[in-house]
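I opened this notebook to record what I looked up, starting with the core and going on to the sheet.

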Amino acid sequence: MAMFSNDSRAFKFDVLREIADEAFNNELTDEKITAFCKKLIPGTKANYRCCVYKEREVLRQRARLAMGKMANDEAEYKPRQIVQVIEAACDGCTIKKIRITDNCRKCMAKACLSSCNFNAITIGPNRAEIDYDKCKSCGACARNCPYNAIVVTERPCSSHCPVNAISWDENGIARIDEEKCINCGQCMAACPFGAIEDISWVVPVAQLLRMNTPCIAIVAPSIQGQFENATYAQIKAGIKALGFERVVEAAVGADGVAYYEHEELMEHMEKKLPMTTSCCPAFVNMAKIHFPKQYHDNVSTLVSPMMAIARKLKQDYPHHGIVFIGPCVAKKQEAMEEFTAVDYVLTYEEVAAMMIAKRIYCEELEPYPDETVTVFGRNFAQGGGVSAAVAQVNNEKEKPAIKAVYADGCFECKKQLMLMRAGKFDADILEGMCCVGGCINGPASIEQSLKTKVRMNKENAVKPKITVSESVEYWDFSKVDMHREK
């Protein structure tokens with residue numbers, strides 16, 4: 001799987017596997033954590049850090065997150081901040097944003113010196129030098145150097161954050177501003193040291209399954225193609241083999257959301273007010289935190305597909321636990337909202353670790369029965385799929401054509417919301433996906449999005465075609481409250 005091409009993610013997976021194994025056996029203790037840190041990094045030779053003790057400390061902090069704890073023992077417990085910094089791992093980045101390289105020729109123009117408004121640059125014996133106590137990292141010197149001898153190095157976590165939620169303390173350790181963070185996980189996916197990770201709920205879910213507590217798994221459609229040669233039906237069978245009583249596709253909820261979101265879109269169009277979709281929780285977070293007027297006026301009031309099917313299942317099975325499985329870390333925060341019907345969220349890498357801990361191999365299993373669900377609902381996983389499903393409902397109801405815009409990735413989402421705020425958004429509906437390409441490229445995916453997309457399209461091509469209206473009629477969402485609280 002693709003996740004093993006990245007050493008930091010491979011280490012994370014090893015930790016998750018060990019945690020899951022111990023949780024299933026009810027033998028999880030701090031002593032066990034210390035033991036398997038030594039097991040994963042034996043001997044005295046370090047491969048990635050200054051010493052094996054530092055490497056083991058990084059693993060220990062990973063293990064704490066995998067157990068649902070804060071990475072830092074002394075940190076205040078803040079479970080709603082899903083994305084956390086592993087401080088022991090966050091010291092490998094270049095600390096200084098502006099650096100002068102050996103390309104500096106000590107030229108006569110001295111454009112760097114004259115362009116600095118903070119007197120932070122002097123000319124040393126060999127090249128220009130920066131006084132970092134004065135430097136404000138504005139980059140003016142780099143822009144004006146004729147030799148390109150001054151480089152600006154953005155830390156990956158910061159450059160991938162669309163809402164400027166990342167800064168650094170006096171030691172250069174990343175800090176996440178919880179008032180700004182939308183839990184999109186882009187910093188987590190970008191960090192080459194694996195120093196930013198998500199809190200896991202593997203332990204409580206494994207314990208529930210070990211005690212044979214009746215639980216239902218809701219599976220996001222982007223899981224198609226994530227487990228190499230296993231079909232979607234075999235993947236669902238593998239999830240059931242973990243101990244779940246039933247496995248239901250989130251695409252069922254996607255059909256319901258598309259159907260009722262179309263109704264809301266018609267109301268918005270009558271008011272000549274554009275609407276945005278509600279599928280991506282990070283996008284909804286972005287609107288709610290950073291564009292409050294657009295959140296109130298433009299964001300669809302529909303819950304996400306995860307929440308829609310979860311609410312129905314809670315009605316039908318009030319004493320069952322509901323566990324959502326997907327590639328998105330923001331879903332963990334969504335599952336903690338006041339309007340939630342979801343008890344726990346697991347990511348694909350967490351479920352894969354649990355399967356390996358239980359010696360479950362999906363490709364060897366008998367397929368799980370197929371759902372009555374549309375290809376349109378399944379395609380919520382791909383960029384443009386949400387608005388395409390709403391457009392399909394529009395066609396089924398024979399309404400005039402609608403104009404949709406797809407915002408691909410966090411920064412495009414931010415751009416389109418800014419256009420909407422300025423009254424320059426020229427469409428009826430905006431589909432915002434904080435992951436480029438859609439959920440198939442979520443930060444907790446375990447396969448490359450292109451492979452996943454090809455496998456999904458191939459498998460869905462032979463699925464019997466039904467309409468969104470037929471799916472909604474079959475599942476009957478008429479008694480389900482499909483709206484979140486504003």
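Which residues does Cys 434 touch, not counting residues up to four places away in sequence? I find Ile 182, Cys 184, Gln 186, Cys 280, Ala 282, Phe 283, Met 286, Gly 409, Cys 410 and Cys 413, contact meaning heavy atoms within 4.5 Å.

I note that this is a predicted model, in which local features need pLDDT of at least 70 and side-chain atom pairs count only at pLDDT 80 or more, while totals for chains, interfaces and linings use all residues. Residues are numbered from 1 along each chain as its sequence is written, and side-chain values use heavy atoms, with hydrogens and water left out.

I then looked up the largest nonpolar core (buried Ala, Val, Leu, Ile, Met, Phe, Trp, Tyr and Cys residues joined through side-chain atoms within 4.5 Å; buried means under 20% relative accessible area with a 1.4 Å probe, protein chains only). This core has 138 residues, and Ile 239, Met 354 and Cys 434 have the most contacts inside it. A second, separate core of 14 residues includes Ile 98, Cys 112, Ile 121 and Ala 142.

Next I traced the open sheet, whose four strands (DSSP E runs of at least two residues) follow the order β10-β9-β12-β13 with parallel pairing, a pair needing at least two DSSP bridges. β10 and β13 (344–347) stand at the edges with a single partner strand each, so one side of each is left without a neighbour in the sheet.

Four bridges join β12 (residues 321–326) to β13, and I see that Gly 326 has Thr 347 in β13 as its bridge partner.

Technical notes:
Buried < 20%, exposed > 50% of the residue type's maximum accessible area, 1.4 Å probe, protein only.
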